[in-house]
Amino acid sequence: MVDELLVNVVEEVARFTLDDMLTRMDDVCACDICKTDMLAIALNHLTPHYSSRPDGQAYSKAGMQFDQARVDLIRELTKAIWIVHENCKHA
Ligand SMILES: [Zn+2]
């Protein structure tokens, strides 16, 4: 089954980039519900990049080739964080 694994590298990078950004934002709710909302909003505005080889080598290669994608990723995550933060009802 591992051979057929298809991974959206942008989603994987978005998950740990979002975690990293939220650790530096004390007043933003970082529960699983809010984080999933943030990821959904951001990923809907980003071009997916699929890889059939989700190993470290493929990740770093994608990272080097997609500098602009990383800039877009952080921009969209920042927007998504504030959209969810302003609509958070349970914090
Ligand atoms: Zn929350």
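This is a short dialogue about reading helix contacts and exposure in a predicted model.

Student: Where should I look to see two helices meet?

Tutor: Try helix α1, residues 9-23, and helix α4, residues 67-87, whose axes come within 10 Å.

Student: At what angle do the axes of α1 and α4 cross?

Tutor: They cross at roughly 55°. Angles under 35 degrees count as roughly parallel, and 65 to 115 as roughly perpendicular. The angle here falls in neither range, so α1 and α4 are oblique to each other.

Student: Is the crossing of α1 and α4 left-handed or right-handed?

Tutor: That crossing is right-handed. On the α1 side, the contact is made by V10, V13, A14, T17, L18 and M21, while α4 brings A69, L73, I74, L77 and I81.

Student: How many residues of that contact are nonpolar, polar or charged?

Tutor: Sorting them gives 10 nonpolar residues, 1 polar and no charged.

Student: Now for single residues. Is I33 buried or exposed?

Tutor: Count the C-beta atoms around the residue: 12 or fewer within 10 Å means exposed. I33, which sits in helix α2 (residues 32-43), has 11 others within 10 Å, so I33 is exposed.

Student: And where is D27, and is D27 buried or exposed?

Tutor: You will find D27 in the loop between α1 and α2. With 6 C-beta neighbours inside 10 Å, D27 also counts as exposed.

Student: What separates the C-alpha atoms of D27 and H85?

Tutor: Their separation is 8.8 Å, although D27 and H85 are 58 residues apart along the chain. Likewise, I33 and V84 are 51 residues apart along the chain, with 9.8 Å between their C-alpha atoms.

Definitions and conventions
Residues are numbered from 1 along each chain as its sequence is written. This is a predicted model: local features need pLDDT of at least 70, side-chain atom pairs count only at pLDDT 80 or more; totals for chains, interfaces and linings use all residues. Axes are lines fitted to C-alpha atoms, for helices over the stretch in contact, and angles run from 0 to 180 degrees between N-to-C directions. Helices (H or I, at least four residues) and strands (E, at least two) are DSSP runs, numbered from the N terminus. Angles under 35 degrees count as roughly parallel, over 145 as roughly antiparallel, 65 to 115 as roughly perpendicular and the rest as oblique. A crossing is left-handed if the near helix is turned anticlockwise from the far one by less than a right angle, and right-handed if clockwise. Two residues are in contact if their C-beta atoms, placed from the backbone, lie within 7 Å. Ala, Val, Leu, Ile, Met, Phe, Trp, Tyr, Cys and Pro count as nonpolar, Asp, Glu, Lys and Arg as charged, and the others, Gly among them, as polar. A residue is buried if 20 or more other C-beta atoms lie within 10 Å of its own, exposed if 12 or fewer, and partly exposed in between; C-beta atoms are placed from the backbone.
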